[in-house]
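User: I should like a close look at a single part of this protein, followed by a connected account of the features around it and elsewhere in the chain. Please keep the description to what the coordinates support.

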Amino acid sequence: EHLYYLTENRKIPFPFVPPSMSHHNCFVTSLGKLTRWLGGICEDDGVDIFCGFSGTELLYDGNQVTGVRTGDRGINKNGEKKPQYEPGADINAKVVILGEGTRGSLTKKLINRHELMSEKNPQVWAVGVKELWKMPSGTVPPGYVAHTMGFPLGGDIFGGAFLYGMQNDIWDLGMVVGLDYKNPAVDSHHELQRMKNHPWIRSLLSEGEMIAYGAKSLPEGGWFSIPELSVGGAMLIGDSAGFLNGQRLKGIHLAMKSGMLAAETTAVALSAGNFTETQLADYRRRVESSWIRDELWGVRNFHQGFDNGLLGGLINSGIGLATNGRGWGFKNRLFSEAGHTKMEKGIKTDRYKDLQFDRKYLFDKVTDVYYSATAHEEDQVPHLYIKDRDICITKCSEEYGNPCVQFCPADVYEMVPDSDGQRLQINFSNCVHCKTCDIMDPYQIIDWVPPEGGDGPVWVNL
């Protein structure tokens with residue numbers, strides 16, 4: 001494995017890979033393949049998995065969660081029932097465990113209703129965009145791992161790139177961009193394309209063929225951004241709870257362990273016949289006495305240090321390594337702000353004027369979306385809601401230049417001319433379900449909710 005600092009034309013190796021970035025003896029695998037394999041094991045053990053149904057509402061008895069309501073299927077874009085209409089179902093449960101990934105729609109409602117983020121740092125997010133490249137036989141060393149910083153993001157935008165060598169001569173190339181940048185013109189998809197113009201990356205990919213694309217948001221806030229983990233009848237696990245090691249950009253192991261601890265908590269609650277808030281609070285105690293807390297405590301101030309730029313972030317990381325996670329000024333807790341509040345008005349810098357999309361090596365967003373195998377039933381109620389479109393046309397256009405056009409890695413949002421000047425067009429069928437719009441909109445007026453069950457990207461090998 002390797003760690004590099006990139007300039008526009010060079011790669012400079014770090015003299016050693018720090019322990020926090022070491023992945024020796026770890027497996028490199030496709031999460032899509034892993035979850036399908038685990039799903040088969042679950043079904044063999046009698047677990048029912050309903051992949052084609054989305055959860056749209058939490059069910060309550062007073063303040064106790066009692067289940068989930070699934071979404072209706074077969075409603076057209078005007079809200080009318082089609083001939084194949086199927087109403088949603090109420091699934092009652094003694095315990096609901098939400099593992100929706102980042103910025104889950106039910107998780108948002110649970111957190112807001114029960115004020116689970118009270119006295120916590122706001123969650124800080126990043127978005128990762130990724131392409132898979134099929135290469136000539138024998139050219140990709142399986143198990144190769146490289147992480148980079150520097151170009152193309154520079155010193156003012158948090159993030160970096162990764163390159164994994166997979167079986168069958170496939171390169172996994174990705175770029176992670178912190179969703180707390182200042183320039184509203186930043187575009188994570190375009191940053192990945194800029195990365196591919198680096199001579200080192202071009203030398204690796206030039207003989208290959210891009211075969212898949214995807215995007216995913218990441219919870220980067222750390223230990224102090226984790227909400228209260230349970231209420232009466234419900235618990236949060238994985239990315240929904242913010243379990244991610246921002247320094248290593250790894251969270252799958254934490255998602256697995258949190259799920260195991262939630263299962264243990266549920267088993268005790270079932271034995272006791274007690275599913276109250278007091279009973280399920282045992283989940284938090286289990287987390288805090290596990291290696292989840294040990295790992296995240298040591299990097300609890302990692303992301304916050306990058307508020308001072310790349311150099312400041314690296315210095316802060318060094319302080320953390322020497323002090324078991326303390327930050328600038330050797331403080332136990334560094335406070336942070338929600339990333340969207342850091343976007344500055346009036347910046348119009350075009351970082352991408354030299355990008356030329358040939359659709360063979362450098363790809364525009366629509367072409368990449370095609371390679372994500374994203375599919376949505378076109379005649380349905382759009383799953384992206386704008387609370388006040390007038391803001392998009394007037395205030396946002398004037399103050400920020402409509403950053404949704406840039407920060408969406410799937411070309412969902414588009415400002416198009418009309419008789420009144422311009423209007424916002426939402427190409428919801430392009431959506432790759434990364435939730436970046438819900439997270440990064442400076443006015444917080446975009447609400448992502450599940451589309452008709454089963455719709456979305458098909459991440460077979462991502």
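Which residues does Lys387 touch, not counting residues up to four places away in sequence?

Analyst: The model is a predicted one. In it, Lys387 touches Gln444, Ile445 and Asp447, when residues up to four places away in sequence are not counted. Lys387 sits in the loop between β16 (384-386) and α12 (389-399). With one of these partners, Asp447, the separation between C-alpha atoms is 7.8 Å, although Lys387 and Asp447 are 60 residues apart along the chain. Lys387 is classed as exposed because its relative accessibility is 62%, and the cut-off for that class is over 50%.

The helix that follows this loop, α12, also takes part in enclosing a cavity. The model has 6 cavities of 30 Å³ or more, and the largest cavity holds about 90 Å³ of space. Its lining consists of 13 residues, of which Cys392, Cys396, Cys404, Asp441 and Ile446 are the closest to the centre. Two elements, α12 and α13 (404-407), each give two or more residues to this lining, and the largest share, 3 residues, comes from α12. By class, the lining of the largest cavity comprises 11 nonpolar residues, 1 polar residue and 1 charged residue.

An open site may be set beside this enclosed one. The second largest pocket has a volume of about 940 Å³. It is lined by 41 residues, and those nearest its centre are Phe158, Gly159, Phe306, Leu310 and Leu314. The lining of this pocket is made up of 20 nonpolar, 15 polar and 6 charged residues. At least two lining residues are supplied by each of β10 (145-150), β11 (159-166) and α10 (309-323); the largest share, 6 residues, comes from α10.

Helix α10 therefore merits a description of its own: its 15 residues reach 21 Å from the first C-alpha to the last, close to the 21 Å expected at 1.5 Å a residue. The residues buried in α10 are Gly309, Leu310, Gly312, Gly313, Asn316, Ser317, Ile319 and Gly320. One of them, Leu310, is also among the residues nearest the centre of the second largest pocket. The buried residues of α10 pack against β1 (2-6) and β10. After the helix comes Asn324, with a positive phi near 55°.

A second helix, α6 (residues 252-272), can be described in the same terms. Its 21 residues should span 30 Å at 1.5 Å a residue, and the end C-alpha atoms are indeed 30 Å apart, so the expected and modelled spans agree. Buried in α6 are Leu254, Lys257, Ser258, Leu261, Ala262, Thr265, Thr266 and Ala269. These buried residues pack against β8 (96-98), β15 (234-236), α5 (238-241), α7 (277-280), α8 (282-288) and α9 (291-297). Just after α6, Gly273 takes a positive phi of about 65°.

Another glycine with a positive phi is found in a strand turn. Strands β5 (residues 73-75) and β6 (residues 81-86) pair in the antiparallel sense over 2 bridges. Within this pair, Arg73 stands opposite Glu86 in β6. The two strands form a hairpin with 5 residues between them, and Gly79, in the turn, has a positive phi of about 85°.

Notes:
Residues are numbered from 1 along each chain as its sequence is written. This is a predicted model: local features need pLDDT of at least 70, side-chain atom pairs count only at pLDDT 80 or more; totals for chains, interfaces and linings use all residues. Side-chain values use heavy atoms; hydrogens and water are left out. Two strands pair if DSSP finds at least two bridges between them. Helices (H or I, at least four residues) and strands (E, at least two) are DSSP runs, numbered from the N terminus. On a 1 Å grid over the protein atoms alone, a cavity is a set of points where a 1.4 Å probe fits but cannot get out, and a pocket is an open set with protein on both sides within 12 Å along at least five of seven lines; lining residues have an atom within 4 Å of a point. Grid points are joined across faces, edges and corners, and a volume is the space filled by probe spheres set on the points. Ala, Val, Leu, Ile, Met, Phe, Trp, Tyr, Cys and Pro count as nonpolar, Asp, Glu, Lys and Arg as charged, and the others, Gly among them, as polar. Buried means under 20% relative accessible area, exposed over 50%, partly exposed in between (1.4 Å probe, protein chains only). Contact means heavy atoms within 4.5 Å.
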